[in-house]
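Please look over the structure shown here before reading on. The report below takes up a few topics in turn, each under a short heading.

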Amino acid sequence: MKPSVKTSRRDFIRKGSLVAGSLALSPTLLSAACKSPDNTKKLGIALVGLGGYAGGQLAPALQKTKNCYLAGIVTGTPSKAEEWSKKYNIPQKNIYNYQTFDDIAKNPDIDIVYVVLPVSMHKEYTIRAAQAGKHVICEKPMALNAADCREMINACKKANKLLSIGYRLHFEPHNMEVMRLGQKQVFGKVTKVDTGNGFVYGGDPNAWRLKKALAGGGGLMDMGIYAIQGARYTLGQEPIAVKATQEKTNHELFKEVDETVYWELKFPGGQKVTGKSSYNNNWGFLRAEAEKGTFELEPAYGYDGIDGKINGKPMQQPNIIQQAAQMDDFATCVAMNKQSRVPGEEGEKDMKVIDAIYRSLDSGKWENIG
Ligand code: NAD
């Protein structure tokens, strides 16, 4: 059923109703998280793109981090530079615009560049940051397609810099519990996963999120990526094929991008895995059935207010500041020169699934992934 209330994306996520999470499942995920280093120096992070997520979530989280701090900003808007400089005590020498960005190479205060721009700009700024000698966190979805993800991974490898994707839910206790229950087969093999993520788009009809060239797609790229991750990290396996369908009710608003998409994923274990994404439905759940039990999250993917059940009983995990945990972990990884639990390869895996979903929408057939 479609909710009638329109919400801004930010409000929606803030409320923790449903929304986006992120994750990846990576085989390393339960084992190779970086441990806290014996290192008292906080690493400096520069945020690139001071929009809703940078201002609403990342900058406040960086006031709570232990291993890193907000050292610099990159913005094309002088008034934002002034406002942020005052609010967060950022010195003039650590403020860049898109023309001066590459000078960041000479700035020892900046260890990590965090790319929080429209999707079409992720590749360019990730590569330029690595070439400037900085480690990089890039927001989800990592790029417009999997081929671009590969270029970003290779560029960071060539520059000998670590790359991580803003998959905050890999640090979120309820989602981590789902990874444990599924991957460790606590209730036997998982036989079924159903998950969805979306919100009713009530924002600017001219925003970059609705432009194919800038966003790469609609609800699938922005929200569906969490549901794809949810399935991957519940099972701890990679899907091999997908079949998708879509629904469009507002052809004017969503003339360039997808509104609602449904998919079925084929996994090597033969599990029944379904997912859906939307810019016109408030969804945010993950339900898993295993041989000897069930577990679920709802809301599953928001910034806070995440809740879950195991065999119908409360999951009892804390809600934390996910972004602070995510950035602290990456700072620790940089200090220890260790790969993040959510490296560029995780972003690439999701984009391979998304690329295949778009191919399936075109062909109407099952499409192989990867
Ligand atoms: P936003 O529109 O609020 O901010 C985008 C920023 O990019 C703005 O400051 C804008 O001025 C700047 N920008 C620079 N060049 C631009 C151009 N050519 N066109 C448009 N904007 C331009 O978007 P947002 O919600 O902050 O999202 C930014 C990124 O963060 C996206 O990749 C998004 O998917 C991701 N995000 C992740 C989460 C999460 O939970 N991990 C949540 C929200 C957004």
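What follows is a description of a predicted model, beginning with the ligand site and moving on to the cysteines and some details of the backbone.

## The ligand and its shell

In this predicted model, 22 residues surround the ligand, and those that come nearest are Gly52, Tyr53, Lys140, Arg168 and Trp208. Sorted by class, the shell consists of 11 nonpolar, seven charged and four polar residues. Two helices, α2 (52–61) and α8 (219–235), each contribute at least two residues to the shell around the ligand. Because domain 1 (7–169) and domain 2 (172–318 + 344–368) both give residues to this shell, the ligand lies between them.

Oxygen atoms of the ligand take part in contacts with both backbone and side-chain atoms of the protein. On the backbone side, an N or O atom of Gly51 lies 3.0 Å from an oxygen atom of the ligand, and a polar backbone atom of Tyr53 is 2.9 Å from an oxygen atom of the ligand. On the side-chain side, a polar atom of Arg168 lies 2.6 Å from an oxygen atom of the ligand. The ligand on its own has 830 Å² of accessible area, of which the protein covers 80%.

## Cysteines without a bond

How many disulfides does a search of the whole structure find? The search finds zero, where a disulfide would call for a pair of cysteine sulfur atoms within 2.5 Å. For Cys138, the closest cysteine sulfur is that of Cys149, and the distance of 8.2 Å is too far for a bond. Seen from Cys149, the closest cysteine sulfur is in turn that of Cys138, at 8.2 Å, which is again too far for a bond.

Are these two cysteines buried or exposed? Cys138 has a relative accessibility of 0% and therefore counts as buried, and Cys149, also at 0% relative accessibility, counts as buried as well.

## A buried alanine in helix α9

Ala331 belongs to helix α9, which spans residues 322–336, and because its relative accessibility is 1%, Ala331 counts as buried. Although Ala331 and Lys42 are 289 residues apart in sequence, their C-alpha atoms are 8.0 Å apart in space.

## Cis peptide bonds

Lys140, one of the residues that come nearest to the ligand, is joined to Pro141 by a cis peptide bond with an omega of about -20°. Pro141 itself sits in the loop that runs between β5 (135–138) and α5 (146–158).

Another cis peptide bond, with an omega of about -5°, joins Glu298 and Pro299. Here the proline, Pro299, is found in the loop between β12 (293–297) and β13 (308–310).

## Positive phi outside glycine

Asn160 is not a glycine, yet its phi is positive, at about 60°. This asparagine, Asn160, is found in the loop between α5 and β6 (163–165), and since its relative accessibility is 64%, Asn160 counts as exposed.

Gln185, likewise a residue other than glycine, has a positive phi near 50° and lies in the loop between α6 (173–183) and β7 (190–200). With a relative accessibility of 42%, Gln185 counts as partly exposed, because that class takes in values between the 20% bound for buried and the 50% bound for exposed.

Technical notes:
Residues are numbered from 1 along each chain as its sequence is written. This is a predicted model: local features need pLDDT of at least 70, side-chain atom pairs count only at pLDDT 80 or more; totals for chains, interfaces and linings use all residues. Side-chain values use heavy atoms; hydrogens and water are left out. A residue is near a molecule or strand if one of its heavy atoms lies within 4 Å of it. A polar contact is a pair of N or O atoms within 3.5 Å; within protein, one must be able to donate a hydrogen and the other to accept it, and residues adjacent in sequence count only if both atoms are side-chain atoms. Accessible areas come from the Shrake-Rupley method with a 1.4 Å probe; for residues, only the protein chains shown count as cover. Helices (H or I, at least four residues) and strands (E, at least two) are DSSP runs, numbered from the N terminus. Ala, Val, Leu, Ile, Met, Phe, Trp, Tyr, Cys and Pro count as nonpolar, Asp, Glu, Lys and Arg as charged, and the others, Gly among them, as polar. Domain bounds come from an automatic or database domain assignment. Buried means under 20% relative accessible area, exposed over 50%, partly exposed in between (1.4 Å probe, protein chains only).
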